[in-house]
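Biologist: I'm new to this one. Could you put it on screen and take my questions as they come?

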Amino acid sequence: MSGLIGLAWASLKNRRATVLLTVMTLGLSVLLLLGIERVRHEARDAFLRSVAGTDLIVGARAHPVQLLLYSVFRLGEPTANLQWDTYEKLKALPPVAWTVPISLGDSHRGYRVVGTTGEYFERMGFGDQRGLAFRDGRAFEALHDAVIGADVADTLGYAPGAEIVLAHGTARVATQQHDDQPFTVVGVLARTGTAIDQGVFVSLEAIEAIHLNWRGGMPIGRARVDVASIPPERLQPKSITAVFVGLESRTATFQVQRVVNEYRAEPLTAILPGVALTQLWALMGGVERALLAAAGAAVLAALMVLLTTILATLNERRREMALLRAVGAGPRHVFGLLLAEAALLTGAGLALGVVLLEGALWLLGPWLEARFGVFLSPGLPTVREAVVLGFIWAGGILLGLVPAAVAYLRSLQDGVAVDR
């Protein structure tokens, strides 16, 4: 067997130009397939871990996916708010360790404004990371301090010290501006690859302050509000959009969820983020399958190129086969030689694809993380990827049966005769 492989290797080296092009074609297609698989796997893991350390999300009565969309991804609008008194009662439940309320409804140049507390930056997380890191600056402290996500800072060119004006509503082109109370950017969050990157974060009291002279979504006067003269109790929120909840023990999750869902004072929904994220990801399964199908088609096309290349050289190699027969090689040896060549070509293409992938991740990984928040690092193929590579290698060998069978039949017909 080793002699047959050595002979196949020598034969391939003798046709190095065609072989290199074939291996490159297969390697690039494997790079595409593994790259999509790696991105898909990492994106799915990052998506399912968009909310780290949070046991429950509580909001007004709504479908779990809808509540997840507007509270975590800032997509869509809430069906209603929940009252501040309800939030206080939820916070006081014995199993509850911490709560982080959020208030939505305003924006800045198309980016959603999130009213919350300073605890948001300590409790919220993503992936396996608990808490949010600051790229520049600090968390908000004063009433008109604002913290922005990485996308907001990079797209709009903001840095700590920049002055921004919030707009009423979430339309990208806002007609009602809270220009009587500008905010100062005091912090920029490090990139997370989540919706946090596209948020503008202010305190709940700030949300109340900018709406003091508003009723029904419209300003009721043009006079500037002297916030310094307003009693602190007037800046306490009357309602909020949703609450992120952490529990003392995971065993109390379903107990608290049942208490919230059966709360009689107002209709509420408590969801488990992981379950809702899985439901949402399942809705996008078609896109995922389409990407894998496209990559699989590229690999299949590359294997067909391999088959075509071997078949195209058979006529030129009839003299080579006849000489092999003349020195004692039987039809089975010729069959095995072609099969070994297919195995070596496929294996070389797979190896090149893996090397290209790991090299690309080594070079582009830091840039992808900094620019897009996609955390891809080089490493050995996963078990799933190894299985995929094994199937591709087996497919290449199976396709090699076609030229091997043709060469076998021709060697029987030609015998030791050599075309001249």
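Biologist: Is Tyr120 buried or exposed?

Modeller: This is a predicted model, where local features need pLDDT of at least 70, side-chain atom pairs count only at pLDDT 80 or more, and totals for chains, interfaces and linings use all residues. Residues are numbered from 1 along each chain as its sequence is written, and side-chain values use heavy atoms, with hydrogens and water left out. Buried means under 20% relative accessible area, exposed over 50%, partly exposed in between (1.4 Å probe, protein chains only). Tyr120 has 1% relative accessibility, so Tyr120 counts as buried.

Biologist: Which kind of aromatic pair do Phe121 and Phe201 form?

Modeller: Rings of Phe, Tyr and Trp (its six-membered ring) pair if their centres lie within 6.5 Å; planes under 30 degrees apart count as stacked, over 60 as edge-to-face and the rest as tilted. For Phe121 and Phe201 the centres are 6.0 Å apart and the planes are at 80 degrees, so the pair is edge-to-face.

Biologist: How many residues apart in sequence are Phe121 and Phe201?

Modeller: Helices (H or I, at least four residues) and strands (E, at least two) are DSSP runs, numbered from the N terminus. Phe121 sits in helix H5 and Phe201 in strand S12, so this pair links distant parts of the chain. The separation is 80 residues.

Biologist: And which residues do ring pairs link into a cluster?

Modeller: Phe201 is buried too, at 0% relative accessibility. The structure holds six aromatic pairs. Ring pairs make a cluster of Tyr120, Phe121, Phe134, Phe140 and Phe201.
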